[in-house]
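Trainee: Please take me through the words used for this model, and show for each one how the value leads to the name.

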Amino acid sequence: MALGALSPSSLVDQATRRLRDQITSGEWPVGTRLPGETTLAKTLGVGRSTVREAVRALAGAGLVQARQGSGVFVIATEPAEDWPARLRRAGVVHVYEVRTLVEVQAARLAAERRTDADIAALHEALTARRAAAAGDDGAFVDADIALHAAVVAAAHNPVLTDLFAEFVPALRQGLVDLVDLLGLREHDGNPGDDTHAALVRAVERGDAEAACRTLQGELDHTLELLRKTAQTGEGAGAAV
């Protein structure tokens, strides 16, 4: 497979794809030492900085590894599965277990770090959750997740915020299915309003222990329902 020069647009992406193709096609098997930066840059018709970024991307995908004083070597012919893909493949119970660990500690930080703007956002999200009680299950779950996201945002930790955002796509459909399967909103369109209001109050007054306790209880209850439905398809009503 000849490398060939690249066109000007998206040079790093193109270089990454071209080099990855060499690896995944078997042209460069495991153990192969990649040509040096200068050689690759000349072959691909790009600068050394572009090659450097492309190799960094390949390393991030688990395909190559730099060895001090020796060069860059192929260590795998298939890219490592990225985090979003692993979450999509994971069972909702497993995702929810990790969500609980992350979000309860986020609630603690939120109670310690919340600002006036955060408090306003929490009350707005709580109001939106109540308004969503008149909508369908998908809209209600979205409003519920938005309130939880506001709590995480109040922790003012960008890593926690990004991590929670990664969980959302994997969680959403599982929660919609849970609400529908167990009929959680048949008699009350806004289940769990009291616990969510208590969570907002705890964060607002800076009570970290109460915020953790309230959220832990709510998430544990939902997690237990998810476990039951995963095992038997049956369960009892509870808050989302």
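Mentor: Let us begin with angles between helices: those under 35 degrees count as roughly parallel, those over 145 as roughly antiparallel, those from 65 to 115 as roughly perpendicular, and the rest as oblique. The model is predicted, so local features need pLDDT of at least 70 and side-chain atom pairs count only at pLDDT 80 or more, whereas totals for chains, interfaces and linings use all residues. Residues are numbered from 1 along each chain as its sequence is written, and side-chain values use heavy atoms, with hydrogens and water left out.

Trainee: Why are H5 and H8 called oblique to each other?

Mentor: The axes of helix H5 (residues 92-113) and helix H8 (residues 158-182) cross at roughly 140° and come within 10 Å, where an axis is a line fitted to C-alpha atoms over the stretch in contact and the angle runs from 0 to 180 degrees between N-to-C directions. An angle of roughly 140° falls in none of the three named ranges, and therefore the pair is oblique. H5 passes H8 in a left-handed crossing, a name given when the near helix is turned anticlockwise from the far one by less than a right angle, with clockwise called right-handed.

Trainee: Which residues of H5 and H8 meet?

Mentor: Taking contact as heavy atoms within 4.5 Å, Val92, Val95, Tyr96, Val98, Arg99, Val102, Glu103, Ala106 and Leu109 in H5 meet Leu160, Leu163, Phe164, Phe167, Ala170, Leu171, Gly174 and Leu175 in H8. They divide into 14 nonpolar, one polar and two charged, where Ala, Val, Leu, Ile, Met, Phe, Trp, Tyr, Cys and Pro count as nonpolar, Asp, Glu, Lys and Arg as charged, and the others, Gly among them, as polar.

Trainee: What makes H9 and H10 roughly antiparallel?

Mentor: Helix H9 (residues 193-204) and helix H10 (residues 208-231) pack with their axes 8 Å apart at an angle of about 160°. That angle is over the antiparallel cut-off, and therefore H9 and H10 are roughly antiparallel. Their crossing is left-handed. On the H9 side the contact is made by Thr195, His196, Ala198, Leu199, Ala202 and Val203, and on the H10 side by Ala210, Ala211, Thr214, Leu215 and Glu218; these residues comprise seven nonpolar, three polar and one charged.

Trainee: His196 is among the H9 residues in that contact, so why is His196 counted as buried?

Mentor: Buried means under 20% relative accessible area, exposed means over 50%, and partly exposed lies in between, using a 1.4 Å probe and protein chains only. His196 has 0% relative accessibility, and therefore counts as buried. The side chain of His196 also reaches the backbone oxygen of Gly192 at 2.7 Å.

Trainee: How do you know that Asp207 is partly exposed?

Mentor: Its relative accessibility is 28%, which lies between the two limits, so Asp207 counts as partly exposed. Asp207 sits in the loop between H9 and H10, and it touches Ala111 and Ala202, if residues up to four places away in sequence are not counted. The C-alpha atoms of Asp207 and Glu112 are separated by 7.7 Å, although the two residues are 95 apart along the chain.

Trainee: What puts His156 in the partly exposed class?

Mentor: Again the value lies between the limits: His156 has 43% relative accessibility, and is therefore partly exposed. His156 belongs to the loop between helix H7 (137-153) and H8, and has a positive phi of about 55° although it is not a glycine.

Trainee: What makes H1 oblique to H3?

Mentor: The axes of helix H1 (residues 11-24) and helix H3 (residues 48-60) cross at roughly 55° and come within 8 Å. That angle is outside the parallel, perpendicular and antiparallel ranges, so H1 is oblique to H3. Here the crossing is right-handed. The residues in contact, including Leu11 and Ile23 of H1 and Thr50 and Leu58 of H3, divide into nine nonpolar, two polar and two charged.

Trainee: How many helices and strands does the chain have?

Mentor: The chain has 10 helices and two strands, where a helix is a DSSP run of H or I of at least four residues and a strand a run of E of at least two, numbered from the N terminus. Of its 240 residues, 41% are buried.

Technical notes:
A polar contact is a pair of N or O atoms within 3.5 Å; within protein, one must be able to donate a hydrogen and the other to accept it, and residues adjacent in sequence count only if both atoms are side-chain atoms.
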